[in-house]
Amino acid sequence: MKKSLLIDALKIVSAKFKNHTEKYIHFSFIVQENKIIEYGVNRHTLPPKHWGYNKKCNDFTFVPKLHSEIDVYQRAKGLLNKNRHFNIINVRVNKEGKLRISKPCICCYSLLKELGCKEFYYTNNETFEVC
């Protein structure tokens with residue numbers, strides 16, 4: 001992954017995160033052919049039943065939430081080249097805009113791997129890691 005794409009993702013996050021009121025804001029970006037195709041955010045809503053996401057993430061002890069990884073895939077699925085793999089960049093920031101750990105949950109990770117994701121890049125408290 002080009003470092004410039006990670007920097008572009010951080011620029012989008014810093015421009016958008018101020019509009020959110022949650023304690024932590026989690027963004028996901030789909031990258032294909034060295035371009036950011038779309039981004040998504042965590043939202044309080046019922047997760048989709050298709051793709052088996054509800055079955056994989058059925059332990060909602062708090063308010064049901066659509067994870068940013070699934071949100072971005074839903075937004076980008078019509079824009080993706082189905083013959084190519086894609087990558088995900090996850091960025092999580094606190095209210096002060098500082099990076100936090102954004103490693104995908106096992107549900108999102110396994111589902112997006114099945115849907116064609118090659119690599120996940122995610123923030124820790126200082127930089128990016130890959131899984």
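The following exercises, each with a worked solution, concern helix packing, aromatic pairs, cysteines and two single residues.

The model is predicted: local features need pLDDT of at least 70, side-chain atom pairs count only at pLDDT 80 or more, and totals for chains, interfaces and linings use all residues. Residues are numbered from 1 along each chain as its sequence is written, and side-chain values use heavy atoms, with hydrogens and water left out.

**Exercise 1. Describe how helix H3 packs on helix H4.**

Step 1. Helices (H or I, at least four residues) and strands (E, at least two) are DSSP runs, numbered from the N terminus. H3 covers residues 68-76 and H4 covers residues 106-114.

Step 2. Axes are lines fitted to C-alpha atoms, for helices over the stretch in contact, and angles run from 0 to 180 degrees between N-to-C directions. The two axes come within 9 Å and cross at roughly 30°. H3 is therefore roughly parallel to H4; angles under 35 degrees count as roughly parallel, over 145 as roughly antiparallel, 65 to 115 as roughly perpendicular and the rest as oblique.

Step 3. Contact means heavy atoms within 4.5 Å. H3 contributes Glu-69, Ile-70 and Tyr-73, while H4 contributes Cys-108, Leu-111 and Leu-112.

Step 4. By class, this contact has five nonpolar, no polar and one charged residues. Ala, Val, Leu, Ile, Met, Phe, Trp, Tyr, Cys and Pro count as nonpolar, Asp, Glu, Lys and Arg as charged, and the others, Gly among them, as polar.

Step 5. H3 is mostly covered, with seven of its nine residues buried. Buried means under 20% relative accessible area, exposed over 50%, and partly exposed in between (1.4 Å probe, protein chains only).

**Exercise 2. Classify the ring pairs that link Phe-27, Phe-29 and Tyr-39.**

Step 1. Rings of Phe, Tyr and Trp (its six-membered ring) pair if their centres lie within 6.5 Å; planes under 30 degrees apart count as stacked, over 60 as edge-to-face and the rest as tilted. The count comes to five aromatic pairs.

Step 2. Phe-27 and Phe-29 are stacked, at 6.5 Å centre to centre and 15° between the planes. Both of these residues are buried.

Step 3. The ring centres of Phe-29 and Tyr-39 are 6.0 Å apart and the planes stand at 35°, so this pair is tilted. Phe-29 belongs to strand S1 (residues 24-32) and Tyr-39 to strand S2 (residues 35-41), 10 residues apart.

Step 4. Phe-29 has 0% relative accessibility and is therefore buried; Tyr-39, at 24%, is partly exposed.

**Exercise 3. Establish why Cys-105 and Cys-108 are too far apart for a bond.**

Step 1. A disulfide is a pair of cysteine sulfur atoms within 2.5 Å. The whole structure holds zero disulfides.

Step 2. The cysteine sulfur closest to that of Cys-105 is in Cys-108, and because the separation is 3.6 Å, it is too far for a bond.

Step 3. Cys-105 is partly exposed at 25% relative accessible area, whereas Cys-108 is buried at 0%.

**Exercise 4. Determine whether Asp-71 and Lys-118 are buried or exposed, and list their contacts.**

Step 1. Asp-71 is in helix H3 and, at 1% relative accessibility, is buried. Leaving aside neighbours within four places in sequence, Asp-71 contacts Gly-40, Val-41, Arg-43 and Leu-66.

Step 2. Lys-118 lies in strand S5 (residues 117-123) and is exposed at 52% relative accessibility. With neighbours within four places in sequence again left aside, Lys-118 contacts His-85, Phe-86, Asn-87 and Lys-113.

Step 3. The C-alpha atoms of Lys-118 and Phe-86 are separated by 5.9 Å, although the two residues are 32 residues apart along the chain.
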